[in-house]
Amino acid sequence: MGGYFMIEQAYVQAGDTTTPTIKDIRERIAKAVDATAGTALERLKCWLQMPADSTFAKMLDSDCQVRARRVGGLLSPGEGGLYEPSDLAVAIGGVAAKWTAIDKAVKAERAVYVNGSTGHVGGAKSKFNNERNVGFHVIVFLAVGQESDGRGYYLGFDPDVSATTESQAAWKKLVTGETETKPQDFTAAGSLDAVKAMILGGAESGFGPLVRKYYVDTTKAFPKITRV
């Protein structure tokens with residue numbers, strides 16, 4: 001996966017190891033999702049950002065900041081809670097120092113709020129991408145890992161259902177039938193299953209299509225965010 005502005009992304013593979021561990025992150029997510037209060041649709045909206053062309057039109061939003069802070073807090077059992085670094089598009093204060101602090105935070109079981117331009121931190125197929133790369137998107141980092149060749153990455157959760165080809169296909173499969181045209185037909189159990197399928201997937205050693213590896217160049221500031 002990739003693009004001109006985008007951080008290179010890939011899916012977790014068997015044998016990948018992270019700090020905190022994949023097992024720990026999976027358990028943390030499952031516990032937080034199970035504990036989410038509200039109706040079936042409120043639970044979906046808490047954890048997932050609906051695709052722009054979805055029949056879930058009333059749930060469509062651009063509240064990625066609000067959602068990232070909410071789920072980031074739910075996924076931060078470590079002391080201090082959700083960690084929000086200073087602007088990653090500004091080199092003042094030292095880019096390397098910011099990423100050192102991010103590493104320290106995720107290792108201490110604190111999710112990290114990552115704000116970047118839409119095309120830089122979003123998924124390759126996101127409906128929110130645009131040719132001018134205008135706007136921003138927020139995701140959360142949950143762990144740090146390293147490939148066998150020494151290349152580092154962050155394990156990140158992007159709630160955007162439209163993010164990748166895989167996430168679009170997974171979502172389509174989950175809503176086929178009545179819930180595709182009548183979102184209100186989602187049951188409480190159905191909403192739990194949908195959220196877990198999108199985030200956790202079906203394998204205990206990996207994740208669903210919304211949790212991916214992000215290979216960040218920690219020596220450079222993020223591209224500037226262009227606002228409308």
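## A tour from strand β6 outward

Begin by selecting strand β6 in this predicted model, where V211, K213 and Y215 point one way while R212 and Y214 point the other way, every one of these residues being buried. In a regular strand, the side chains alternate between the two faces of the sheet. Colour residues 211–215 together and the strand appears as a mostly covered element, with 5 of its 5 residues buried.

Next, add the strands that pair with β6. Strand β1, residues 8–10, pairs with β6 in the antiparallel sense over 3 bridges, and within that pairing A10 stands opposite K213. Then select strand β5, residues 152–157, which runs antiparallel to β6 and is joined to it by 4 bridges; here L155 is the residue that stands opposite K213.

Keep K213 selected and display its side chain together with that of D16, since the two meet in a salt bridge with an N to O distance of 3.0 Å. This pair links distant parts of the chain, with K213 in strand β6 and D16 in the loop between β1 and β2 (18–19), 197 residues apart. How buried is each partner, in relative accessible area? K213 has a relative accessible area of 3% and D16 one of 16%, and both count as buried because the cut-off for that class is under 20%. If you now add E147 to the selection, you will have D16, E147 and K213 on screen, which are linked in a network of salt bridges.

The structure holds 12 salt bridges, and two others may be visited from here. Select R28 and E109, whose side chains meet in a salt bridge at 3.9 Å, N to O. R28 lies in helix α1 (residues 22–34) and E109 in the loop between α4 (95–107) and β3 (112–117), so this contact ties together parts that are 81 residues apart in sequence. R28 is buried, at a relative accessible area of 10%, whereas E109 is partly exposed, at 28%.

For the last stop, select K172 and E180, where the side chains meet in a salt bridge at 2.3 Å, N to O. Are these two residues buried or partly exposed? K172 is partly exposed, with a relative accessible area of 45%, and E180, at 21% relative accessibility, also counts as partly exposed, because the buried class requires a value under 20%.

Key:
Residues numbered from 1 in each chain as written. Predicted model: local features only at pLDDT ≥ 70, side-chain atom pairs only at ≥ 80, totals over all residues. Heavy atoms only, no water. Buried < 20%, exposed > 50% of the residue type's maximum accessible area, 1.4 Å probe, protein only. Helix = DSSP H or I, 4+ residues; strand = E, 2+ residues; numbered from the N terminus. Pairing = 2+ DSSP bridges. Salt bridge = Lys/Arg side-chain N within 4 Å of Asp/Glu carboxyl O.
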